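Work through the exercises below with the structure open. Each one gives a task and then a solution in steps.

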Amino acid sequence: MAEMSIAEALRQAIREEMARDDRVFCIGEDIGIPGGFGGAFTVTLGLSDEFGRDRVLDTPISEIAIAGVAIGAAIAGMRPIADVQYGDFLFCMMDQIANQAAKMRYMSGGQVSVPMVMRAPVGQTRRGAQHAQSLEAFFTHIPGLKVVAPSTAYDAKGLLKSAVRDENPVLVFEHKLLYGSKGPRSERGALSPVGEVPDEEYLVPIGEGVIRREGKDVTIVGKLLTMYRALQAAEILAEEGIEAEVIDPRTLVPLDKELILASVRKTGRLVIAEEDNLTGGWAAEIAAIVADEGFVWLDAPIKRVSAPDVPAPFSPALDDAYMPNEHKIVAAVKSLL
Amino acid sequence: MATDIIVPPLSQTMDSVVLVEWLKAEGDKVAKGEPLFVIETDKANLDIEAPAGGVLRQVWAQPGEAIAVRATIGLIADVGGELPEFERPSARSAAASVAEAAVAALHPLAAATGPMGQPLPPERQARIFASPRARRLAEAEGVPLAELTASGPEGMIVERDVIAYIASKPAPMAITPVARRLAQAAGLEPAALQPARPGARITRADVDVVLARREEVSADGVQWVEVAPIRRTIARRMVASQQAAAEVTLTRDVDATELVELRGQILEELSDGDPRPTYTDILVSIVARQLARHPRANATWDGERIGLYADINVAVAVDTERGLVTPVVRNADTKGLLALTAERAALVRQALDGTIGLDDLTGGTFTITNLGPIGIDAFTPIINPPQTAILGVGRIRPAAAVHNGELCIRQRMFLSLTFDHRIIDGAPAARFLMDIVRLIEKPHLVWL
Amino acid sequence: MEAKTILLNRGAEPTGLPESDSLVDMYRRMKLIRRFEERVNDLYLQGRIPSTLHLYIGQEAVAVGVCAGLREDDYVLSTHRPHGHSLAKGVEPRAILAELLGKVTGCCRGKGGSMHVGDITKGVYPAVAIVGGNIPIAAGAGLAAKMRGDGQVEACFFGDGAANEGAWHEGLNIAAIWDLPVVFVCENNLYAASTPFSLTFKVENVADRACAYGIPGVTVDGMDVLAVYRAANEAIERARQGGGPTLLECKTYRFCGHSRSDPRTYRGREEEQEWQKLDAIPRMRQWLVGSGLSDDGQLDEIDDWVERTFDEALEFAEASPEPDVSELFTDVFKE
């Protein structure tokens with residue numbers, strides 16, 4: 001058992017998988033350059049020294065090529081782990097992900113599969129609107145992609161290892177404020193949770209959510225950073241005698257909806273917290289599922305605590321108004337009681 | 001649009017029924033085909049299904065009322081747009097109702113205001129805001145939403161409001177529909193009623209106890225008690241039987257020792273969960289097999305001809321709080337003892353709780369009535385028309401008897417066979433009874 | 001590096017050719033593609049194909065010339081106009097035809113349709129119908145081959161239109177810098193749908209752009225299967241030996257419209273007639289007979305075989321079952 005940050009846990013997962021399987025390699029921008037960053041958030045730091053630059057491939061600034069090469073290598077039998085510097089750059093490679101990776105197995109009638117992993121950092125971190133988005137909902141909408149969003153070091157390692165072994169394209173969304181990256185790559189305002197990670201081999205199965213805190217009065221679903229905001233909100237609510245249950249789905253596709261429905265069945269109330277913009281967001285989908293399949297258990301409307309429908313602002317003065325935080329979650333919960 | 005709720009004609013002979021209870025309250029949503037109200041016929045209580053989906057808007061018959069079949073007793077209005085309340089057709093111009101309904105359908109919100117834009121009184125704004133969870137609980141617990149105090153967001157009724165309501169009320173009285181109707185008819189307050197055992201449902205017997213205690217006696221010194229149609233039906237059928245048939249009763253004292261031992265051995269062999277045969281079940285089985293050899297005992301008379309029934313369907317008299325009913329075990333001669341036992345037990349259970357259907361009360365070809373459990377030794381049963389014969393069974397009791405030439409204590413019982421001499425003569429009827437006796441005294445002969 | 005442009009002297013004696021059997025086989029494959037597309041077009045006109053079609057008629061020499069140089073375990077990445085590439089690489093006509101009819105026996109179980117045909121057991125990936133989308137994927141497949149070191153080569157087909165996509169640039173560049181074993185085959189048929197080449201390119205040849213990536217660029221007569229074969233074979237062997245990618249441009253012409261809804265009103269009929277004179281199939285037949293490598297009897301027999309093969313494929317496809325509705329939900333993910 002060792003204490004480590006999410007960045008370290010991810011690195012350990014990659015290292016173990018590369019050592020286990022020769023087909024596994026990393027591809028991305030600035031991930032293996034000697035003397036470089038080890039990726040934008042240090043996840044691949046040192047791996048090129050260990051495995052050689054033939055298995056930690058530095059690309060030109062060519063997001064389409066990163067995605068396309070990963071897909072091509074995957075259908076040809078390799079197990080690429082593609083590194084996207086910022087989730088926002090996924091839009092540059094959208095054809096490759098949405099039209100190629102997601103659909104290739106289906107439209108080939110099952111002839112090929114695309115066992116690739118794409119890691120993408122998301123979240124508002126005061127870099128302006130083009131390095132701040134939470135894009136999960138775009139990809140949960142596309143059939144053929146699996147989507148995971150680990151919020152702890154344990155899950156980050158276990159889910160990434162599962163993703164590498166999965167036979168399908170898996171997008172791994174990581175939150176910039178949760179990496180715990182050190183030195184010049186550390187983040188202002190980061191939570192940087194450090195968690196215990198077993199020394200022995202383990203996997204976290206894709207598709208299983210987890211209850212982070214039990215409660216009987218309201219269910220709060222949060223992922224990545226908002227999972228921690230939900231826990232903070234639950235602390236505040238507990239002081240007033242309100243017991244919130246906090247659910248971390250961990251995997252967004254396929255979603256462990258039974259876990260959420262079972263919780264709502266118990267509590268009768270649901271708040272979904274996420275950093276995505278409100279309209280058409282992931283929270284809307286969770287709300288729709290519960291309205292559809294858990295309606296009779298609801299004792300109050302479903303509330304979403306999301307970012308408003310504006311691009312992420314830069315000025316720190318606008319942060320509170322933009323970001324979903326524990327106080328907004330507390331207010332949403334109280335509006336339901 | 002509104003659909004009339006019409007009392008369906010359920011048999012050729014019945015022109016009125018009693019409304020036992022409404023299963024929905026006015027203002028409740030109903031789905032087409034959902035049980036809407038319960039009526040009592042001369043055979044059974046029956047659930048009647050809603051003829052259409054919508055909202056139960058008006059009911060014109062109250063529990064306990066006798067209603068002519070084909071009468072309209074209420075209305076179901078479409079959901080969507082709060083329709084103005086319907087009134088008795090004569091009380092209001094139909095054209096006005098239709099016009100308002102049309103407006104309401106077009107503008108759901110317009111229905112909340114009157115024709116001149118004035119707010120309707122609150123009771124006409126029928127929509128009650130309650131969370132789905134609260135509605136679910138309220139429905140399950142029979143709590144009327146209209147009586148709840150809302151404490152949820154935006155004035156919505158939430159689950160805790162229902163829980164608080166339930167906690168504030170004394171436990172609702174458990175009472176059978178028949179008992180409730182009788183109590184209402186007699187003007188008894190629910191509080192005046194006590195169940196026989198703590199926690200048990202209040203039954204007709206409990207109501208009768210209270211009624212008997214009442215000092216109000218009419219001028220002629222008689223306390224006249226309202227009865228259900230089934231009482232009148234029983235009365236009619238009994239008289240018809242005695243007037244029409246040429247009834248003769250044969251009685252025989254029977255040694256039931258072997259039968260008692262046989263039953264004891266059967267019970268020992270049973271597993272948990274197996275149906276446990278009673279003496280009545282064994283007798284039904286024995287009698288059914290003998291009826292196959294004595295077709296005239298399983299027959300009817302149309303005034304000129306004897307009709308021999310193709311099937312052997314043994315009716316068994318059951319004493320219920322509503323009165324005597326005779327559920328029918330069909331093709332009893334073809335059924336194994338355990339199957340027969342299970343079937344008869346289910347029929348008796350349904351007869352006792354009033355859920356038995358008409359189908360299970362008709363079609364009997366022979367009847368067995370057992371008053372032994374009540375302590376009767378022998379009696380003269382009355383034929384259940386249009387059947388030919390009925391077997392009355394007395395209690396099994398130890399008695400001094402000569403057995404194998406020695407005086408000893410044996411288990412004895414009386415059997416009384418009443419038969420219709422128009423159809424079967426005394427000697428063949430006696431042979432039929434003796435065949436039954438022989439099997440009771442030597443049950444192993446069943447297989448011969 | 002300067003682009004190397006080879007424009008063959010039409011009619012000149014070719015050199016560096018394979019055995020005569022393979023040469024006759026090139027004729028057979030071109031003829032199969034031609035008649036397959038023509039007869040599929042007939043079916044379309046009869047309302048028996050539930051989709052539009054992008055037919056390969058006129059461009060047969062490119063697919064056949066390139067694929068003649070590929071090994072069985074080499075792979076092809078195709079486009080929205082993929083029937084010819086699949087047939088040239090050896091995919092069964094019946095599997096393609098059943099796919100066009102949406103039958104479960106189709107090469108993609110009826111889930112791909114005309115624009116996604118392919119059969120990986122024959123070395124053809126399911127075709128990519130987003131213009132330029134297959135370029136980086138071909139680079140990735142090439143990367144896998146290079147990492148495995150098994151000498152496998154990828155042939156990536158695309159039209160002139162694809163060369164103006166961003167994905168084309170990124171894919172060619174990454175293949176170039178990593179020396180990936182990919183032959184990028186541009187079928188320059190002069191029109192991106194209806195838009196003429198001259199309106200969208202400042203250079204005369206697509207292959208002229210090869211120098212921007214530091215790789216060989218070759219332009220050949222795409223109506224001459226032998227010229228295509230020789231140029232492609234050279235590029236394939238270079239790739240196989242670790243010499244990296246080649247941009248091979250084949251000047252060709254589609255005799256039909258872009259898709260079945262295209263009336264070709266943007267180009268002159270004289271132009272079409274001039275190109276039809278260059279039709280690769282009669283030219284190859286003439287050359288085979290003239291050089292004594294074959295004769296009319298053998299070639300007529302091949303023509304008959306082609307018709308029979310299509311007849312049988314059609315019979316198979318039409319008799320095949322449609323996919324069960326449960327197929328809708330399979331193959332989204334691999335379990």
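**Exercise 1: surroundings of an aspartate**

This is a predicted model. Task: find which residues D160(C) touches, leaving out residues up to four places away in sequence, and decide whether D160(C) is buried or exposed.

Solution.
1. The contacts of D160(C), with residues up to four places away in sequence not counted, are C186(C), N188(C), N189(C), A192(C), F197(C) and V206(C).
2. Next, place the residue in the chain: D160(C) sits in the loop that runs between β3 (154-159) and α6 (166-177) of chain C.
3. E187(C) is 27 residues apart from D160(C) along the chain, yet the C-alpha atoms of the two are separated by 6.3 Å.
4. Count the neighbours: 23 other C-beta atoms lie within 10 Å of D160(C). The cut-off for a buried residue is 20 or more. D160(C) is therefore buried.

**Exercise 2: two helices in chain A**

Task: state how the axes of α9 (residues 257-267) and α10 (residues 282-293) of chain A are arranged, and which residues meet.

Solution.
1. The two axes come within 10 Å and cross at roughly 60°.
2. Angles from 65 to 115 degrees count as roughly perpendicular and those under 35 as roughly parallel. α9(A) and α10(A) are therefore oblique to each other.
3. The crossing of α9(A) and α10(A) is right-handed.
4. From α9(A), the residues K257(A), I260(A), L261(A) and V264(A) meet I286(A), I289(A), V290(A) and E293(A) of α10(A).
5. Sorted by class, this contact of α9(A) with α10(A) has six nonpolar, no polar and two charged residues.

**Exercise 3: two helices in chain C**

Task: describe the packing of α4 (residues 93-100) against α12 (residues 296-319) in chain C.

Solution.
1. The axes are 8 Å apart, and the helices pack at an angle of about 45°.
2. α4(C) and α12(C) are therefore oblique to each other.
3. α4(C) passes α12(C) in a right-handed crossing.
4. On the α4(C) side the contact is made by P93(C), R94(C), L97(C) and A98(C). On the α12(C) side it is made by T309(C), F310(C), E312(C), A313(C), L314(C), F316(C) and A317(C).
5. The contact of α4(C) with α12(C) divides into eight nonpolar, one polar and two charged residues.

**Exercise 4: chain A against chain B**

Task: say how many residues of chain A are in contact with chain B, and sort them by class.

Solution.
1. Nine residues of chain A contact nine residues of chain B.
2. On the side of chain A that touches chain B, six residues are nonpolar, two polar and one charged.

Methods
Residues are numbered from 1 along each chain as its sequence is written. Chains are lettered from A and ligands numbered from 1 in the order in which they are written. This is a predicted model: local features need pLDDT of at least 70, side-chain atom pairs count only at pLDDT 80 or more; totals for chains, interfaces and linings use all residues. Two residues are in contact if their C-beta atoms, placed from the backbone, lie within 7 Å. Ala, Val, Leu, Ile, Met, Phe, Trp, Tyr, Cys and Pro count as nonpolar, Asp, Glu, Lys and Arg as charged, and the others, Gly among them, as polar. Helices (H or I, at least four residues) and strands (E, at least two) are DSSP runs, numbered from the N terminus. A residue is buried if 20 or more other C-beta atoms lie within 10 Å of its own, exposed if 12 or fewer, and partly exposed in between; C-beta atoms are placed from the backbone. Axes are lines fitted to C-alpha atoms, for helices over the stretch in contact, and angles run from 0 to 180 degrees between N-to-C directions. Angles under 35 degrees count as roughly parallel, over 145 as roughly antiparallel, 65 to 115 as roughly perpendicular and the rest as oblique. A crossing is left-handed if the near helix is turned anticlockwise from the far one by less than a right angle, and right-handed if clockwise.
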